[in-house]
Amino acid sequence: MLRLGRPSDIWFKPALSSVVSVAPPNLTLLALGRLDLAMYTMAGSLCALYAHNRPYAARARVLAWVVLGMVGGLALSLVTASLTRDPVVLVAVGALMAAAQKALCDATRVGPPGNVVLTFISSASLFAPQTLGQVPAHLALALAAAAWAWLVCMAPGLLRPHGPERRATAQALNAAAAYAATRGTGDGHARLRAAAAAAVQAAWQALPVAGARAASRRDLARLVIRAEVALAAPADADPERLRTWARELCGSGPVPRAGETAAATDELLGVHAEAGAPHRPWWSRLGPLAPIAVRTALGCALAGYASLALGIGRPYWALVTAASLYQANVMLTWSRGVQRVVGNLVGVLVFAALVPLAHTGGLALVLVCVALNFGAEALMGRNYWLGSICVTPMALLVTEFAGQHPAGELMTERAVDTVVGALVGFVAAVAVTNRRAGDRVGDALTAVDRARERAARLLAEPRPDRTALESARRSLAAALVELRATADAAAGEWWQRALPQERVVLTEQSAHRTLAATVRRLGLHAPVTSTGRTTEDARP
């Protein structure tokens, strides 16, 4: 649970965006002598943490929705805080908001940091002294900072407009190369295949070929096709060639050409056909998330009330700790709980070391918080607990914007709230069982069987329509990715009937064989010559 992973390929992008988004508003407030308002600008600035893996057109839309969600939650919190100071009511409102934020973020798949930042802002605002007359000005500050954060996140697109698509394609190529290196039978091939399939699906989602105008988008699509072919026929792929293409994509040079073939053109027709098909709306995913939402509401409420019973003055810390735990299943929730506790307790010690420096003046306080912002985003990708070491002292220092507090009191309350929130939150996760997880595995198996049967029917035809076969193959690949994710999530739940593990394995094997057959039927398969070049590349 505490093992460090490799940093993200773009770890510095959210880290730098956080710094550029947070620093100017806070320094402006410092110059105006109103650093006590920094909590509201921070709400808008933290929107810069989202959507860094999205193409810029999609990023603009996602960030706009994040801003609306952030400011909407802040508005509800500030209005509630101005109407009542009853902590029991405030905790209840915070728990319901946390559940709604968790469900919406999971349903829309907004990506990290998900609901945690939204819940932190809305819960902290509930316990900030407020009057109705102050709400509009405070919301205006948040909106202004959010608009600046939106500009910061979109600015790199002026210099490298296809950067996210290139990174997603490179990740797909590298993942496919790792799987191809096992020839489909080596150690860890199943795990590597699942990772490669997910990376290929993510690359297609980041590459809206149907609306592409630039030739570079089409070249990227052909590279994703090569990764997809390696996934279906690993024994015939050249891992080193895939890695070479990935390295070239990570630079700033032209997109490498994978070759203009009739097969690749037919594949792109299939991509266009799938892009034009109706997609499942995000709100249709809310139903299966009901158990997770109930866990979040119950766990956050009980954690907040437990903190109140212990006499802690900031129960939202326990509430946010509980909200941060809930993952796809109980086992992942337990892992996140351990990571949260370890990171927060170490972070409290870091706060003790930094607070003398932060108390030397307003400028030092702002700069320390900015540095911790950078550290949190730079380290979070390696492991959640490592990033929490920076998040915890930053959250404690934010309370110092309105005035200094005894450091020992803040440290004690934060440590107690962390332990209480983690324990109570996990108990709620165990108490609210997700019995629907097994049903969703059955639904995913049925979806794979239907997609495989469709592809098999087309393969049985003497001259199948190539566009229809491409669409069927891509639908089968997407269904397989969904099956693996659903099965992994259900495997970590408890108190449910036994999962059909044998059926899952047999279904995956059968679907993989059908995928390989479609690759060979379509002519996308290109064996490697003795010189390491594909037969397509060897043609004059």
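This section describes the fold, helix packing, aromatic contacts and backbone features of a predicted model.

The chain is helical. It has 21 helices and zero strands. Of its 540 residues, 53% count as buried. Contacts that span long stretches of sequence are frequent: among those between residues at least 6 apart, 80% join residues at least 24 apart.

Two helix pairs were examined in detail. The first joins helix α2, residues 38-45, to helix α6, residues 135-154. Their axes come within 7 Å and cross at roughly 35°. The crossing of α2 and α6 is right-handed. On the α2 side, the contact is made by Y40, T41, A43, G44 and S45. On the α6 side, these residues meet H138, L141, A142, A145, A146 and A149. By class, the contact of α2 with α6 has seven nonpolar residues, four polar and no charged.

The second pair is α12 and α17. Helix α17 covers residues 407-431, and its axis lies 8 Å from that of α12. The packing angle is about 145°. Here, too, the crossing is right-handed. From α12, the residues in contact are R295, L298, G299, L302, A303, A306 and S307. Their partners in α17 are D417, V420, G421, V424, G425, A428 and A429. The contact of α12 with α17 divides into eight nonpolar, four polar and two charged residues. The charged residues of α2 with α6, by comparison, number none.

Helix α12 spans residues 290-309 and also holds T296. T296 has 0% relative accessibility and therefore counts as buried, the cut-off being under 20%. Beyond its neighbours within four places in sequence, T296 is in contact with A98, A99, K102 and Y326. Three of these partners, A98, A99 and K102, fall within the range of α4, residues 87-108.

A second buried position was examined in helix α18, which covers residues 436-460 and contains L445. The relative accessible area of L445 is 0%, so the residue is buried. Leaving out residues up to four places away in sequence, L445 touches L483, P500, R503, V504 and T507. The C-alpha atom of L445 is separated by 9.0 Å from that of E508, although the two residues are 63 apart along the chain.

Aromatic side chains form a further set of contacts. The count comes to five aromatic pairs. One of them joins Y316 and W317. The geometry of this pair is edge-to-face, with 5.9 Å centre to centre and 65° between the planes. Both Y316 and W317 are buried. Elsewhere, ring pairs link W11, F12 and F374 into a cluster.

Arginine side chains also meet aromatic rings. W317 takes part in such an arrangement: the charged end of R414 sits over the ring of W317, 5.3 Å from its centre. W317 is thus a partner of Y316 in a ring pair and of R414 in a charge-over-ring contact. R414 lies within the range of α17, residues 407-431. In another case, the charged end of R336 sits over the ring of Y384. The distance from the charged end of R336 to the ring centre is 4.0 Å.

The backbone shows three features of note. Most residues other than glycine have a negative phi, and most peptide bonds are trans. A51 departs from the first pattern, with a positive phi of about 65° although it is not a glycine. A51 is found in the loop between α2 and α3, the latter covering residues 56-83. A51 counts as buried because its relative accessibility is 2%.

R109 likewise has a positive phi, of about 55°, and is not a glycine. R109 is found in the loop between α4 and α5. With 46% relative accessibility, R109 counts as partly exposed, whereas A51 is buried.

The loop between α4 and α5 also holds P113. P112 and P113 are joined by a cis peptide bond. Omega at this bond is about 5°. The α4–α5 loop thus contains both R109, with its positive phi, and P113, with its cis bond to P112.

Key
Residues numbered from 1 in each chain as written. Predicted model: local features only at pLDDT ≥ 70, side-chain atom pairs only at ≥ 80, totals over all residues. Heavy atoms only, no water. Axes fitted to C-alpha atoms, helices over the stretch in contact; angles between N-to-C directions. Helix = DSSP H or I, 4+ residues; strand = E, 2+ residues; numbered from the N terminus. Left-handed = near helix turned anticlockwise from the far one by under 90°. Contact = heavy atoms within 4.5 Å. Nonpolar A, V, L, I, M, F, W, Y, C, P; charged D, E, K, R; others polar. Buried < 20%, exposed > 50% of the residue type's maximum accessible area, 1.4 Å probe, protein only. Phe/Tyr/Trp six-rings, centres within 6.5 Å; stacked < 30°, edge-to-face > 60°. Lys NZ or Arg CZ within 6 Å of the ring centre and 35° of its normal.
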